[in-house]
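Here's a quick walk through a two-chain model, written for someone who'd rather look at the structure than at a spreadsheet. Have it open while you read.

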Amino acid sequence: MSRQNRRCQLLLTTISAFVVGALVPAGAQNSEAQQPPEAIVKKGEYLARAGDCIACHTAPEGKLFAGGRGMPTPFGTLYTSNITPDPETGIGKWTADDFYKTMHDGRFPDGGLLYPAMPFGSYTKVTREDSDAIFAYLKTVPAVRQPDHPHELQFPYNNRSLILGWRTLFFTEGEFQPDPKQSDEWNRGAYLVEGLGHCGMCHTPINALGGSSESKAFQGGLIPMQDWYAPSLTSNKEAGLGDWSIEEISDLLQKGISARGAVYGPMAEVVYNSLQYMTDDDTRAMAVYLKSIAQDEPKPARASVGSQEASLLRSLGKTVYDKQCASCHGAEGEGRPPHYPPLAGNQSIQMESSVNAVRMVLNGGYPPATYKNPMPHGMPPFAVSLSDDEVAAVVSYIRTAWGNRGTPVNAAEANKLRSAPLQ
Amino acid sequence: MFVKTLLLTCCLSFLGLDVGLAQEGKSYPADMADRVQACTPCHGQEGRGTNDPYFPRLAGKPAGYLYNQLEAFKSGRRKYPPMNYLLAFLTDDYLRQFADYFADQHPALPGPPATDASKSVLEHGQALVTQGDLDRAIPACVSCHGGPLTGQSPGIPGLLGLRASYISAQLGGWRYGTRTANAPDCMQLVAGRLTEDDVRAVAAYLAGQPLPTDPVPAPAGSFALPFACGSQPDGGHKP
């Protein structure tokens, strides 16, 4: 069953452009003609992976970083921009200053405002040196002449000046400030998670204005337009990793599977495009930081199903489970980790939101194929073979059996997710 | 407990390494069936198909054809959201292993289902399948899919053992552009020349044919194709 589902980037599109011009490597104010050292370009490529630029800025079957990926939002569809070095349609005329301004302040070189689908609220924490390296790398990718697709936003959201209001409410500019009381490793992890990793884009609740509040950072939320729930990273009752080992967290991030659970849904894309490329040291640093922000905050579960219905659901659910699920996940939900995740004690099944558990039963899914797990095992989809009642029953069963403390789910809730978007 | 879990994980990962090795002469590991469990609710154990007529059998189809479909679903070129979703984050190497595995499976095939198509419909279907229609530039199915209709490796699938509703859905998909293949997309050209009645007749006739004793596709290059086809880049000539 799915462990964290986070999808950072998708939330929206990026709007615009990343940018940039000639690279000015820190320290050596060079001329445009001077090529940045290969080491800086390599570092930039690595950091661009950490920022998962490719996921949004490359369209399905499109050219690398040429943009054009349509990203549905509650306000309309945004299209990502061309960030190849083409001078007319890409960022070929930008300077390193332009690029930094875009990353750090969410503004185009001409001062225009980016839509916050581009996660500049996170990227603002990226250092100037790292921004310059990413820019140096982007200058080396093949230039593609492809004009940006205009956004399709509904009135009144097509008025960019509204972004000013959004920024006042939700945007705080400023590079990452290390916490001197913490280790270098912790600070490195925090920098990656809060900055380039832009994990908060999904794992922080999004409000009706499309903003997320800093006071609720990493508390989880339903990802708009996708119907996947990005669990809280701060609550051990959800995806909080407080009682996971550093190795288990690292495995989840880098391999996509672990002894405690596997990634599916939007988080599978993040691991596939980004996290699997992180070094062992950086992965470990993120694990150390993520483990530290988790805390227990037990919240009483609210059941939407009456007790009589719940007991019927559980009884049918056990029948379905024994027939369809036990062969892989074990008669007692013990699983066969890491390929068949345990369900007993699995936080992502017991969360207040049952969305991910229902969707995994309906749609199944493969964890991403990664360098460290190139041939993943997959969960079969049961949308065709199980009725709404059976889906609700088996999800109710796994959420409440073996000491799990989730709540039952009814057939209407299961039915609603049959039409959830699958892309 | 923690130490136990850790030990277990280590053991399993070592096991995983063992079973992850390809068997001799095969591109996929011995436990491949476990890795494709996700395919079974719709395509059946070993890809033999299920009673649901919408989902095709996979077993024994040419590996190149299966790979082309998997790759097209992964990239979104062939559109079917449940498949697009499942394959989105798998690698091309792994999809080749899927394809090789299913191509190697030869479970017993079901007999043809009863049909309610009329004699004249079946005759029309037979004519298109075996002779085509020169006046409308429609080639016979057998000219590419082979006299016994078992296909040709690596890219051309057999047409027997499929249900009428699946065949007509695929031909419809090509006519309306929701199913496409590598250019030149020969099936799109052919399907575009068929009428609704043609599709119904071809699907009914094909679905009613008994299965050949040897359902294995003809070897690559065993007969030439009448025109270029992106799925069979060497045109049916010996590579």
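A quick word on terms: helices here are DSSP runs of H or I with at least four residues, strands are E runs of at least two, and both are numbered from the N terminus. Keep in mind that this is a predicted model.

**Chain B on its own**

With those terms in hand, chain B comes out with eleven helices and zero strands. Reading from the N terminus, then, you go α-α-α-α-α-α-α-α-α-α-α. Chain B has 239 residues, and 37% of them count as buried. How do its contacts spread along the sequence? Take the contacts in chain B between residues at least 6 apart in sequence: 66% of these join residues at least 24 apart.

**Where chain B meets chain A**

On the chain B side, 24 residues are in contact with 26 residues of chain A. Four helices of chain B, namely α1 (2-20), α2 (32-35), α3 (40-43) and α5 (81-87), each put at least two residues into the side that touches chain A. Which helix gives the most to that side? That's α5(B), with five residues. As for chemistry, the side of chain B that touches chain A has eleven nonpolar, nine polar and four charged residues.

**Domains within each chain**

The domain assignment splits the chains like this:

| Chain | Domain | Residues |
|---|---|---|
| A | domain 1 | 9-170 |
| A | domain 2 | 184-293 |
| A | domain 3 | 307-419 |
| B | domain 1 | 31-103 |
| B | domain 2 | 119-207 |

Let's start with chain A. The C-alpha centres of its domain 2 and domain 3 are separated by 22 Å. Their contact takes 24 residues from domain 2 of chain A and 22 residues from domain 3 of chain A. Looking at the domain 2 side, β5 (228-230), α9 (246-254) and α10 (266-273) of chain A each supply at least two residues. The largest share there, three residues, comes from α10(A). That same side, the part of domain 2 of chain A touching domain 3 of chain A, is made up of 13 nonpolar, six polar and five charged residues.

Now for chain B, where the C-alpha centres of domain 1 and domain 2 lie 21 Å apart. Here 13 residues of domain 1 of chain B are in contact with 18 residues of domain 2 of chain B. What kinds of residues does domain 1 of chain B bring to the side that touches domain 2 of chain B? They divide into six nonpolar, two polar and five charged.

Technical notes. Residues numbered from 1 in each chain as written. Chains lettered and ligands numbered in written order. Predicted model: local features only at pLDDT ≥ 70, side-chain atom pairs only at ≥ 80, totals over all residues. Buried ≥ 20, exposed ≤ 12 C-beta atoms within 10 Å, placed from the backbone. Contact = placed C-beta atoms within 7 Å. Nonpolar A, V, L, I, M, F, W, Y, C, P; charged D, E, K, R; others polar. Domains from an automatic or database assignment.
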